[in-house]
Each structure stands twice: as structure tokens, then as C-alpha cells.
Amino acid sequence: MSDRVLPTFFLCGAPKAGTTWLYEYCTEHPDVCMSRPKETGFFFEDYGKGIDWFSNECFHHYDGKPAVGEASAGNMMHREVPRGLQLTVPMPISCLSFGIQ
């Protein structure tokens with residue numbers, strides 16, 4: 001992949017709150033490229049590896065689709081994530097998922 005690919009939206013939610021279902025649903029959409037793997041953990045585990053690593057590692061299958069998504073439930077549990085999102089993606093869109101019991 002020659003160009004850096006970064007998410008245009010993030011699926012965030014508590015564990016067991018439906019993020020896997022949302023990820024799979026988005027994967028089926030013809031205009032959406034979802035990260036592989038689903039739970040990249042980049043913003044709280046691998047941010048130090050850099051955004052080029054993130055792009056190459058998690059979006060190597062990108063084929064030009066206009067919407068690019070990532071779905072790590074852990075993004076909601078780490079206080080460093082919002083700053084990393086702000087620095088990496090200028091205007092991220094987040095979709096929140098909360099389980100109802």
C-alpha cells in the first residue's frame with residue numbers, strides 16, 4: 001500500500017455491548033473498509049509504533065472504499081485514547097455501543 005489509510009470512523013463501546021455485531025455489519029457494506037483485526041488496540045497498546053505501522057498493519061487490504069472503520073472496545077477504557085485520536089484523525093466520527101440488559 002503506497003498511501004497511508006486511517007479510519008474515518010470508530011466503533012466504540014463497552015465489552016459485550018454489540019461492537020462485534022456492528023463491526024461485522026459494517027464489513028458487509030460495499031462502501032466500508034474495516035480494520036483487520038477488529039480490535040486493533042492501536043490507540044492504547046501500539047500508538048508508539050506510529051501511524052504508518054497502524055495503516056500498514058491494519059488496513060493492508062484497503063481497496064479505495066470511502067469509509068474506513070476501526071472497532072476496539074478498549075478505546076473507551078483508556079484515558080490516553082482521545083488525545084491519540086485527536087492527533088491522528090483530525091475529525092473522527094465515533095459510534096458508541098452500549099449493551100442493554
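Start by selecting Trp21, Tyr25 and Glu28: these exposed residues (over 50% relative accessible area, 1.4 Å probe, protein chains only) sit on the face of α1 turned away from its buried side. Helices here are DSSP runs of H or I with at least four residues, strands are E runs of at least two, and both are numbered from the N terminus.

A word on what you are viewing: this is a predicted model, where local features need pLDDT of at least 70 and side-chain atom pairs count only at pLDDT 80 or more, while totals for chains, interfaces and linings use all residues. Residues are numbered from 1 along each chain as its sequence is written, and side-chain values use heavy atoms, leaving out hydrogens and water.

Now turn to the other side of α1 (residues 19–28) and pick Thr19, Tyr23 and Cys26, which are buried (under 20% relative accessible area). Look down the axis of α1: its buried residues fall within an arc of 70° (taken from the directions from the helix axis to the C-beta atoms), so they line one face of the helix.

Next, the largest nonpolar core (buried Ala, Val, Leu, Ile, Met, Phe, Trp, Tyr and Cys residues joined through side-chain atoms within 4.5 Å). Among its 15 residues, select Phe10, Phe43, Phe54, Phe59, Val81 and Leu85, which touch the most other members. Two or more residues each come from β1 (9–13), α2 (42–46), α3 (51–58) and α4 (81–88), with α2 giving the most, three.

Last stop: Pro37, in the loop between β2 (32–34) and α2. Check the peptide bond leading from Arg36 to Pro37, which is cis, with omega near 5°.
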